[in-house]
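Subject: A structure for you to explore

Hi there,

Here is the structure I promised to pass on to you. Have a look at it first, and then read my notes below with the viewer open.

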Amino acid sequence: MNMMRGIAATMVVALALAAPVSAREPDGDGGVKVGRMSILRNLVSEEGLEQQAGLQYDALTRKAYQQQALLGENHPTTQRVRKIAGELLPHATKFNERAKTWKWEINVINSPTVNAFCMPGGKIVVFTGIIDKLKMSDDEIALVVGHEIAHALREHSRARAAKGTITNVGAIAVSILTGSNAVGQLASVGGDLLGRKFSRNDETEADLVGMELAARAAYDPRAGVGLWEKMSTFSKGAPPQWLSTHPSGAARIQTFKDNIKDVIGLYEKAKNGG
Ligand SMILES: [Zn+2]
């Protein structure tokens with residue numbers, strides 16, 4: 001237990017070093033258009049929700065570690081995902097100033113689950129299933145991680161909690177600790193808290209903000225089109241879990257196509273050294 005805490009603390013420090021928060025981007029340098037965040041979210045304490053999410057994340061990663069499913073920090077996949085995510089994070093504060101105070105954590109869990117999520121407060125999990133089964137490129141990983149980070153930045157869970165569509169986060173955490181089929185359960189628990197209840201509008205916002213985060217970090221936002229087509233093809237058998245919370249299809253692909261013009265300049269600029 002103490003060792004896990006030590007590991008977690010080390011990861012936090014390492015991430016803080018890897019992803020310094022840069023100065024705020026000057027206004028008016030382009031980017032996607034998203035509206036104001038839901039006012040309803042103010043009914044729920046951000047500290048409280050982040051704290052609960054942090055506890056749940058600790059429980060989840062500890063359980064994965066006990067089951068030898070948590071990839072170590074030297075694992076190439078962990079390093080790959082942390083590098084990509086670490087490049088997105090300096091751009092996060094443009095969308096939420098509070099992200100400066102978050103202790104970002106990025107972990108990869110070995111599981112066939114095709115899923116990824118980011119809890120309130122910047123706690124990210126990517127399952128190996130989504131990377132391996134979709135044979136994801138770095139651009140595609142950046143878009144998926146960017147999408148999940150965007151849900152946290154736009155405080156979609158907080159708004160959902162305020163609307164009462166996420167209930168009893170504490171009970172979910174307990175079920176993680178006592179669960180028998182833990183890794184599979186972890187995957188679905190993450191979905192329960194973080195994805196299932198998001199509205200279509202939340203998903204569109206996350207796509208747009210995720211695209212911009214990727215573009216600003218010099219990952220090609222146009223990869224979203226191929227990624228979603230790949231998701232759709234893959235889902236012809238058993239739909240991957242990520243798709244159950246993230247409806248795909250033509251409309252979504254069209255959203256990507258329609259909005260690339262807002263971020264392509266940022267991508268070109270970043271690719272040419274900013
Ligand atoms: Zn989503």
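Glutamate 229 is partly exposed, because 13 other C-beta atoms lie within 10 Å of its own, and a residue would need 20 or more to be buried, or 12 or fewer to be exposed. You will find glutamate 229 in helix α10, which covers residues 223-234. Try picking out arginine 252 as well: the two are 23 residues apart in sequence, and their C-alpha atoms are 9.8 Å apart in space. Please keep in mind that this is a predicted model.

Next, two helices to look at together. How do α3 and α5 lie relative to each other? The axes of α3 (residues 76-88) and α5 come within 9 Å and cross at roughly 55°. That angle falls outside the ranges for roughly parallel, antiparallel or perpendicular, so α3 and α5 are oblique to each other. The crossing is right-handed.

Which residues meet there? From α3 come Val81, Ile84, Ala85 and Leu88, and from α5 come Asp138, Ile141, Ala142, Val145, Gly146 and Ile149. By type, the residues of this contact are eight nonpolar, one polar and one charged.

Some of these names return in the largest nonpolar core, which has 59 residues. The members that touch the most others are Leu88, Val126, Ala142, Val145, Ile149 and Ala214. Helix α5 gives the most to this core, with nine residues. In soluble globular proteins, nonpolar side chains tend to be buried together. Alanine 214 is a nice one to click on: leaving aside residues up to four places away in sequence, alanine 214 touches Leu88, Ala142, Leu143, Gly146, Tyr219 and Pro221.

Finally, there are two loop residues to compare. Lysine 135 sits in the loop between α4 (128-133) and α5 (138-153), and glutamate 155 sits in the loop between α5 and α6 (156-162). Neither is a glycine, yet each has a positive phi: about 45° for lysine 135 and about 55° for glutamate 155. Is each one buried or exposed? Lysine 135 is exposed, because it has 9 other C-beta atoms within 10 Å. Glutamate 155 counts as buried, because it has 23 C-beta neighbours inside 10 Å.

Happy exploring, and do write back with any questions!

Best wishes

Technical notes: Residues numbered from 1 in each chain as written. Predicted model: local features only at pLDDT ≥ 70, side-chain atom pairs only at ≥ 80, totals over all residues. Helix = DSSP H or I, 4+ residues; strand = E, 2+ residues; numbered from the N terminus. Core = buried A, V, L, I, M, F, W, Y, C linked by C-beta atoms within 7 Å. Contact = placed C-beta atoms within 7 Å. Axes fitted to C-alpha atoms, helices over the stretch in contact; angles between N-to-C directions. Parallel < 35°, antiparallel > 145°, perpendicular 65-115°, else oblique. Left-handed = near helix turned anticlockwise from the far one by under 90°. Nonpolar A, V, L, I, M, F, W, Y, C, P; charged D, E, K, R; others polar.
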